[in-house]
Amino acid sequence: MRKFIVLAIMLVGLVTYGQTAFEKGMGKAMSLWGEGKINEASAMFERIATVEQDNWLPNYYVALVNTTASFTMKDKTQIDALLKKAQTALDVELKKQPNHPELLVMQAMIHTAWINFDPMTNGMKLSGPVMELYSKAEALAPENPRVVFGKTEFEMGSAKFFGTDIKPLCAKAEKAIELFATFKAETAFHPSWGQDRAQAMVAACK
Amino acid sequence: MKQVLLGLLVLTGFSLWSQSEIKGRIVDQKGEAILGVNVYIDGTYDGTVTDTNGVFSFKTTETGVKSLVASFLSYESFKKTGNVQTLTNLTIKLRESVNALDAVVITAGTFEAGEKARISVLKPLDIVTTAGAAGDIIGALTTLPGAQTVGEDGRLFVRGGEANETQTFVDGVRVPQPYSPTANNTPTRSRFSPFLFNGVSFSTGGYSAEYGEALSSVLSLNTIAEPVQNQTDISLMTVGVGLGNTRKWEKQSVTFNLNYINLGPYQKLVPQKLDWNKPVQSSGGEVVYRFKFKNGLLRAYGAFDISNLDINSEDVNQPTKIRYALRNGNSYGNLSYKGNLSKEWFIHTGVSYGIGTNKISIADDRLNNTENAMHLKLKLTRSLSERVSIYGGLDYFYTDFDEKYTEASGREFPVGFTNHLGAAYVESDIFFSKNLALKLGGRASRNDLLDEYHFNPRASMAYKVYTNSQFSFAFGDFVQTPNADYVKYNQNLSSERALHYILNYQYNKNGRLFRSEVYVKDYQNLIKFNTLRPQFNSQYTNGGSGYARGLDLFWRDSKTIKNTDYWISYSYIDSERDYLNFPNRATPSFIATHTASIVTKHWIDKLTSQIGFSYTVNSGRPFNNPNEGMFMNGKTKAFQNLSFNWAYLMTQQKILYFSISNIFGTDNVFGYQYANTPDMNGQFQRRAITQPADRFVFVGFFWTISADKKKNQLNNL
């Protein structure tokens, strides 16, 4: 029994000491985000980003947290602030790695959010760049499910607008689901989102 | 084993013991709490965000000397360095950032269109989707208050100024010949294809010390810094054809654009009031090359065009029509670089060269002229802090003008001049707070040809009175070398001068913008001469003067009506000049007291179409009737024009475009030409200057070929 307790304490000690400050911080920020504390989560990611300057993930999440939050906002000044924050954080990482597929997808998402913000002004201006980003990402990582799905989702929007056939896009969404099934994120903190949205799209196709 | 355990416990205990708490409150300059500020120890993860009371509190295991940072969007970051123990119970006051979206901007006199502009009056697309503008940048600008609609000329006339009082710049470097020349009383177009530009700044007065040699206005165009993708654009139009291509690589890109315009077939189909021997034909091309450096962008822009026309024009002084033929060749190139030299230093430099030649024959006389013009520019900006920046620069303008008039008899009259003009300027932008900004500067110049020195002060300030509204004021002193029409005959003249005083009020909220501006302009040293036309033997003086004062109103709203964007502009102007061969002060013929425009754009989902209407109306313009005793006493009837356009997106890459100007075929009269001598009854006969045709109908098909099948040319229409 005593041996067991000692072992248990040692294990706990090992786990807490084994978990790096980075993992702890990221874990905490993720859980804040999960609780819907957008501002707190973003602030935590920003703090991590100032320390971990060689890691693209914290800034990626600053961009992701703020961009996704903007989709549900109504107030224009707030949306503007969120997207500018997202862009500033992403710019830091894109400057270091201009050809990272996940960062390119993130940039496409920020543009898409601007299109939602003001379709009349930004639609014509940014549709081209969004497609360009997805095409570039696809050339770099054709098997990345977020690249395939993101592109399909964006094309779906304009296909519906122009009333063109959506069947080939539905097929692509299904392909994205397959890719999600086999996709393995490098670590627990690497991007792995998107599967549920792809499934929702396939469901809408039927 | 026990030792290890003990060690672990001690370690944990130690880290618990050495935690210190950091507490405080964050407020703005008025003492009100700020929610959501990120407060942390620099270089660590330790931190938190403030609550609704602006209060923060967190624990840290850090010891020794550290920095506490408080950062929040739209506020300047705060940093305090000290021993961790002392960094607590702080009340931190954050200063609002002057870069915030809602910070004050100096707006007096300037209309911006482009992504960088914080408050855009026009969006880049508007240049080309405005009905009646016919894809001409200048056409769209004439729907803004302050610009006159001078239908028989087509150039920009701003606030009582002549067309040549506006100076045009591409990427910051001057364009000496921005317009294609035309025959008398037929409207011209600017040379720029809207396809290549995405930023326009149109200043109707009070502009910065960076700009000189412009009495009334500065039009600054920026080429697209980074094209989106490889693509080919094909245009088939009732007036000609066009071809464009863009290639893009990792660091560089190139775009070229070729067009051939021939109005012949159209004019056969639609009868014209003018008697053309050879309708307008032009071939032109533009090229933009960009290279991205690590800290800057190099751009090269080149344009050339050749145009021809041959017309029999009416002249009230001649029993028969006079044949007027024109061959114009124009080449322009510029090279510019913008970039950071360091964190605080920014450089903008460039060079441009333009050659314009005209070969004109009027009946049996010949007139040939050539203008060579160069501009060298260097501008350095140093930011001293977030709130203060100072910039200065040097300009060198070279102009060489040669003209030869050959009479039918073979007698030649050569004239010309060469001018070197150097200028240096310094200006500073100072933000006292988010609500108060000041721009102060001056420009010194040396004009070699006229042998004179000038110093011209410029000042403007802006004050935000309420969240969405602000006042600006601008003052400026401007000089410009007199037009080549006079300087070519006489160089014993001085620069013309104008003083501007502008007061601006602007309200901007969520897609609605209201602007009003009152101004006073004082003209001095205007050129006068004593003959019917400027001639080599006329007496020229700088004895002219004048004034312009007025009110400009602008309202734009893209929110109230769904899928509809509209703007209304109105200008009132009171202006008189004593210049040229005027016998006394009078309102020149290009000025209409009241001008108003309404421009609407509506997107129809079901038809995947954008339709637009523009309606322009102005009160009558003065003309001189020699049959009456008083100079410039006549007034034309009011001018009006309703134009319509329809862009139909057949697929994402194919657009069918239709436009018609002056739908109702209003017979607009721009003015009258009177005979130089009275007829047998002692009356001076006259001839009305009218539109070349009542309506102009345009149909075009635009096809974009690109890998992603997304982009189209709607931007270009």
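**Figure 1. Chain B, overall fold of the predicted model.** Among contacts in chain B with a separation of 6 or more, 60% link residues that lie 24 or more positions apart. The model shown here and in the following figures is predicted. Chain B contains five helices and 40 strands. Its C-alpha trace extends over about 125 × 60 × 45 Å along the principal axes. Of the 717 residues in chain B, 38% are buried.

**Figure 2. The open four-stranded sheet of chain B.** Four strands of chain B form an open sheet in the order S3-S2-S5-S6, and their pairing is antiparallel. Strand S3 (47-49) and strand S6 (78-83) of chain B occupy the edges; each has a single partner strand, so one side of each lacks a neighbour in the sheet. On average, neighbouring strands of this sheet are turned by 15° against each other, direction ignored.

**Figure 3. Pairing of strands S5 and S6 in chain B.** Strand S5 of chain B, which comprises residues 65-71, is joined to S6(B) by six bridges, and the two strands run antiparallel. Within this pair, the residue opposite B:Lys66 is B:Gly82, which belongs to S6(B). Strand S6 of chain B is itself an edge strand of the sheet.

**Figure 4. The open three-stranded sheet of chain B.** A further open sheet of chain B consists of three strands in the order S4-S1-S7, with mixed pairing. The edges are formed by strand S4 (55-60) and strand S7 (90-93) of chain B; because each has a single partner strand, one side of each is left without a neighbour in the sheet. From one strand to the next, the twist averages 30°.

**Figure 5. Pairing of strands S1 and S4 in chain B.** Strand S1 of chain B (residues 20-27) pairs with S4(B) through six bridges in the antiparallel sense. In this pairing, B:Glu21 faces B:Lys59 of S4(B) as its opposite residue. Strand S4 of chain B stands at an edge of the three-stranded sheet.

**Figure 6. Chain A, a chain of helices without strands.** Chain A has 10 helices and zero strands. Read from the N terminus, its elements follow the series α-α-α-α-α-α-α-α-α-α. Along the principal axes, the C-alpha atoms of chain A fill a box of roughly 70 × 35 × 30 Å. Chain A has 206 residues, of which 39% count as buried. Of its contacts with a separation of 6 or more, 52% are between residues 24 or more positions apart.

Note on methods: Residues numbered from 1 in each chain as written. Chains lettered and ligands numbered in written order. Predicted model: local features only at pLDDT ≥ 70, side-chain atom pairs only at ≥ 80, totals over all residues. Pairing = 2+ DSSP bridges. Axes fitted to C-alpha atoms, helices over the stretch in contact; angles between N-to-C directions. Buried ≥ 20, exposed ≤ 12 C-beta atoms within 10 Å, placed from the backbone. Contact = placed C-beta atoms within 7 Å.
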